[in-house]
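Me: Can you walk me through a model I have open? I'd like to talk helix packing.

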Amino acid sequence: DRIHAWHINLSGQSVDCNTVLPDLIERIRSRGVPPEKLCFEITESAAITSLEEAREFFTALRDLGCQIALDDFGKGLSTFDYLKQLPVDLVKIDGGFVRELAHSELDHAMVRSVHEIARVAGLETIAESVESVEVLIRLKQIGIDYLQGHIIHNPVRLRELVLPGNEIETPV
């Protein structure tokens with residue numbers, strides 16, 4: 001209950017494979033995992049290599065109640081067009097734009113622009129690679145919804161996040 005969402009990275013090959021989606025849906029249903037607590041992430045570049053397959057894959061997961069995040073957003077050449085074409089819920093802004101945000105007006109403008117466009121599209125934003133208080137403050141001023149990086153929390157083993165008596169069963 002303390003965890004807002006589990007973010008799971010998918011490879012481009014997962015989206016292209018005919019067996020992954022049915023297996024994924026079956027596992028979500030059979031294990032009693034609340035779909036609204038799952039957010040599947042795929043990199044923008046992986047999504048654009050098979051746009052139609054990605055659209056179908058994302059739609060099926062969203063219909064189940066899961067969220068979809070477009071990861072490493074901003075690296076592609078026609079990046080904003082994909083916000084119109086893919087059914088996603090979140091835009092995860094690439095760390096290359098975030099790391100120097102406190103010292104680069106260009107990076108600040110780019111992050112702000114991505115955030116504003118995401119807002120117009122009805123999407124939430126995640127900034128990755130947040131490593132300093134200065135960057136955190138600038139992101140808060142912009143209005144970014146979620147932060148990811150060492151300034152928030154260092155990576156830890158899953159069992160360290162779970163409260164005693166609230167164990168999570170993990171498949172082998």
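Reply: Sure, one term to start: buried means under 20% relative accessible area, exposed over 50%, and partly exposed in between (1.4 Å probe, protein chains only). This is a predicted model, so local features need pLDDT of at least 70, side-chain atom pairs count only at pLDDT 80 or more, and totals for chains, interfaces and linings use all residues. Residues are numbered from 1 along each chain as its sequence is written, and side-chain values use heavy atoms, with hydrogens and water left out.

Me: Ok, which residues are exposed on the face of H8 turned away from its buried side?

Reply: Lys140 and Gln141. Helices here are DSSP runs (H or I, at least four residues), strands likewise (E, at least two), numbered from the N terminus.

Me: And which ones are buried in H8?

Reply: Val135, Arg138, Leu139 and Ile142. Looking down the H8 axis, they sit within an arc of 100° (taken from the directions from the helix axis to the C-beta atoms), so they line one face of the helix.

Me: What covers the buried residues of H8?

Reply: The cover includes helix H6 (95–98), H7, strand E5 (124–127) and strand E6 (146–147).

Me: Switching to H7, which residues make its contact with H8?

Reply: First the geometry: the axes of H7 (residues 105–120) and H8 (residues 133–142) come within 10 Å and cross at roughly 40°. On the H7 side, the contact (heavy atoms within 4.5 Å) is made by Glu105, His108, Val111, Arg112 and His115. H8 brings Arg138, Leu139 and Ile142.

Me: What about just after H8?

Reply: Glycine 143 is there, with a positive phi of about 105°.

Terms used: Axes fitted to C-alpha atoms, helices over the stretch in contact; angles between N-to-C directions.
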